[in-house]
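I opened this notebook page to record what I looked up in the model, beginning with empty space inside the protein and moving outward to the strands.

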Amino acid sequence: MREAIFLLFLLPTCVCVSSPFSKGPLHLKPLRGGSVGSGGQEIKAWYQVNDPHWAERDGSSSSRHDAYLEGYKPALQHRYARYKDLKRRIIEVEGSLEKFAMGYQTFGVHTSTDPAKPGIVAREWAPHAQALSLIGDFNGWDRDKHPYAKDEYGVWSLFIKGSGVVIPHGSRVMLAITTNTGEVTTRISPYITRAVQPSVDSPTYPAFEGVFWDPA
């Protein structure tokens with residue numbers, strides 16, 4: 001489901017508002033969140049407002065306010081149909097767009113917040129990978145020690161049990177990946193909270209390295 005982040009490129013970039021200086025037709029004008037209207041009400045940007053009728057729309061309403069877009073209605077409708085399909089899939093799997101957007105809290109490598117299950121919780125989205133494991137200073141960079149398990153949605157999960165310090169704060173961590181072509185490679189987690197470039201005399205220079213950051 002993580003490919004749905006590209007929906008950002010499918011959404012409209014402006015909203016329709018009336019000009020307070022003109023009695024003419026509605027025109028398109030971008031809004032900034034946090035603005036206050038003449039009545040004292042807060043004016044929110046389009047991306048901050050929930051649209052309860054999104055599933056009923058076809059994505060071509062902007063052509064009513066700009067005749068130039070009339071010839072592009074089929075393209076607008078096609079793009080919006082793709083948006084609706086992906087949004088439905090996100091809601092079905094994640095529960096809501098808000099929960100999807102908060103994925104950084106559960107994806108990546110984190111210390112467990114469940115007192116009953118102390119240790120490290122790690123999740124990644126790699127639907128086409130054949131294998132995935134967590135490597136780093138904490139396990140001697142052994143690709144076989146901490147493998148992830150994959151679910152039907154391409155999400156890989158790993159739990160490393162431990163009541164003490166399982167992965168020291170500030171130590172290096174990386175993902176060992178076997179791609180769909182069988183290539184064995186190493187990557188930084190896209191959800192890593194800190195990455196550093198090693199010194200010039202390091203064998204991995206100039207590539208960056210992931211760092212487990214948990215100062216608490």
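Before looking for empty space I fixed the term: a cavity is a set of grid points where a 1.4 Å probe fits but cannot get out. I also note that this is a predicted model.

**Entry 1, the cavity.** I asked how many cavities of 30 Å³ or more there are. The count comes to one, and the largest cavity has a volume of about 50 Å³. I then listed the lining, which consists of Gly108, Val109, His110, Tyr191, Ile192, Thr193, Val211, Phe212 and Trp213. By residue class, this lining holds six nonpolar and three polar residues, with no charged residue among them.

**Entry 2, Val109 and the core.** Since Val109 appears in the cavity lining, I looked up what else surrounds this residue. Leaving aside residues up to four places away in sequence, Val109 touches Ile120, Val121, Ala122, Leu134, Tyr148, Ile167 and Phe212; of these, Phe212 also lines the cavity. Val109 is likewise listed, together with Leu134, Tyr148 and Ile167, as having the most contacts inside the largest nonpolar core, which has 17 residues. The elements that give two or more residues to this core are strand 6, strand 7 (131-136), strand 9 and strand 10 (173-178). As background, I wrote down that in soluble globular proteins nonpolar side chains tend to be buried together.

**Entry 3, the open sheet.** Which order do the strands of the open sheet follow? I found four strands in the order 5-6-9-8, with antiparallel pairing. Strand 5 (108-111) and strand 8 (149-150) stand at the edges and have a single partner strand each, so one side of each is left without a neighbour in the sheet. Strand 6 (residues 119-125) and strand 9 (residues 155-161) run antiparallel and are joined by seven bridges; in this pair, Ile120 stands opposite Ile160.

**Entry 4, the hairpin.** Strand 10 and strand 11 (residues 184-187) also pair in the antiparallel sense, over four bridges, and here Ile177 stands opposite Thr185 of strand 11. The hairpin they form has five residues between the strands, and Gly182 takes a positive phi near 95°.

**Entry 5, the whole chain.** To close the page I noted the totals: the secondary structure comes to two helices and 13 strands, and 28% of the 216 residues count as buried. Among contacts with a separation of 6 or more, 53% are accounted for by residues 24 or more positions apart.

Conventions
Residues numbered from 1 in each chain as written. Predicted model: local features only at pLDDT ≥ 70, side-chain atom pairs only at ≥ 80, totals over all residues. Heavy atoms only, no water. Pairing = 2+ DSSP bridges. 1 Å grid on protein atoms, 1.4 Å probe; cavity = no way out; pocket = protein on both sides within 12 Å on 5 of 7 lines; lining within 4 Å. Points joined across faces, edges and corners; volume = space filled by probe spheres on them. Nonpolar A, V, L, I, M, F, W, Y, C, P; charged D, E, K, R; others polar. Core = buried A, V, L, I, M, F, W, Y, C linked by side-chain atoms within 4.5 Å. Buried < 20%, exposed > 50% of the residue type's maximum accessible area, 1.4 Å probe, protein only. Contact = heavy atoms within 4.5 Å.
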